[in-house]
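Grab a coffee and work through a few exercises on the model shown here. Try each task on the structure before you read its solution.

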Amino acid sequence: MKNLSNQPCLIARSLALVGDAWSMLIMRDAHAGLTRFDDFRKSLGIAPTMLTVRLSALTEEGMLEKRRYSERPPRDEYVLTEAGRDFLPVLFAIGAWGRKHRGGGKVTRFFDAETGTEIDAVTIDRETGAPIGTRHIRIAAAE
């Protein structure tokens, strides 16, 4: 995936960082308020070595920031950066696709913490207001 980092396509560049399921789920959990290694590990059931690699990559790429919360013993937490906070709509777009094409049975639901309403994500083009996916796209080569 690293060789995608230099592609002119921003989708490819982004997937080089967060294109695996573990990274996406770490970001989901960070948005839910998890910050500590053990909390991520328990929530995800991920091997510690795998979690260390993913947290390091997400920190190195500016999605999370590592902050020391205890000197003795040394302990760090991982908090969302601006780039990490800006990733939430991407997660909800994937979730909306999953609701439509992978739903059925019991599914996790997401609610706005202030209003209590269930979140129903919609992606639209800022310029036209048209929902993304309702019009054909054209891909232009990098200039």
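A residue counts as buried when its relative accessible area is under 20%, as exposed when that area is over 50%, and as partly exposed in between. Keep in mind that this is a predicted model.

**Exercise 1. Sort Arg54, Met50 and Thr49 into buried, partly exposed or exposed.**

Solution.
- Step 1: place them. Arg54 lies in helix α4, Met50 lies in α4, and Thr49 lies in α4 too.
- Step 2: take Arg54. Its relative accessible area is 18%, so Arg54 is buried.
- Step 3: take Met50. At 32%, Met50 is partly exposed.
- Step 4: take Thr49. Its value is 62%, so Thr49 is exposed.
- Step 5: look around Arg54. Leaving out residues up to four places away in sequence, Arg54 touches Asp20, Trp22, Ser23 and Ile26.
- Step 6: check two distances. Met50 and Trp22 sit 28 residues apart in sequence, yet their C-alpha atoms are 8.5 Å apart. For Thr49 and Glu61, 12 residues apart along the chain, the C-alpha separation is 18 Å.

**Exercise 2. Work out how α2 meets α3, and with which residues.**

Solution.
- Step 1: get the geometry. The axes of α2 and α3 (residues 37-44) come within 11 Å and cross at roughly 115°.
- Step 2: get the hand. The crossing of α2 past α3 is right-handed.
- Step 3: list the players. From α2 come Trp22, Leu25, Ile26, Arg28, Asp29 and Ala30, and from α3 come Phe40, Ser43 and Leu44.
- Step 4: sort them by type. This contact holds six nonpolar residues, one polar and two charged.

**Exercise 3. Find the buried residues of α1 and say what they pack against.**

Solution.
- Step 1: scan α1, which covers residues 10-18. Ala12, Ala16, Leu17 and Val18 turn out to be buried.
- Step 2: look for partners. Those buried residues pack against α2 (21-31) and α4 (48-60).

**Exercise 4. Which residues of the largest nonpolar core touch the most other members?**

Solution.
- Step 1: start with a rule of thumb. In soluble globular proteins, nonpolar side chains tend to be buried together.
- Step 2: pick the hubs. The largest nonpolar core has 18 residues, and Ile26, Met27, Leu58 and Leu64 touch the most other members.
- Step 3: see who contributes. α1, α2, α3, α4 and β2 each supply at least two residues of this core. α2 gives the most, with four.
- Step 4: zoom in on Met27. Not counting residues up to four places away in sequence, Met27 touches Leu58, Met63, Leu64, Leu80, Gly84, Phe87 and Leu91.

**Exercise 5. Describe how β1 and β2 pair, then find the cis peptide bond.**

Solution.
- Step 1: pair the strands. β1 (residues 64-70) and β2 (residues 75-80) run antiparallel and pair over six bridges.
- Step 2: pick a facing pair. Leu64 is opposite Leu80 of β2. We met Leu64 above among the core residues that touch the most other members.
- Step 3: follow the connection. The hairpin from β1 to β2 goes through four residues, and Pro73 is found in the loop between these strands.
- Step 4: recall the usual case. Most peptide bonds are trans.
- Step 5: check the bond before the proline. From Arg72 to Pro73 the peptide bond is cis, with omega near -10°.

Conventions. Residues numbered from 1 in each chain as written. Predicted model: local features only at pLDDT ≥ 70, side-chain atom pairs only at ≥ 80, totals over all residues. Heavy atoms only, no water. Buried < 20%, exposed > 50% of the residue type's maximum accessible area, 1.4 Å probe, protein only. Contact = heavy atoms within 4.5 Å. Axes fitted to C-alpha atoms, helices over the stretch in contact; angles between N-to-C directions. Left-handed = near helix turned anticlockwise from the far one by under 90°. Nonpolar A, V, L, I, M, F, W, Y, C, P; charged D, E, K, R; others polar. Pairing = 2+ DSSP bridges. Core = buried A, V, L, I, M, F, W, Y, C linked by side-chain atoms within 4.5 Å.
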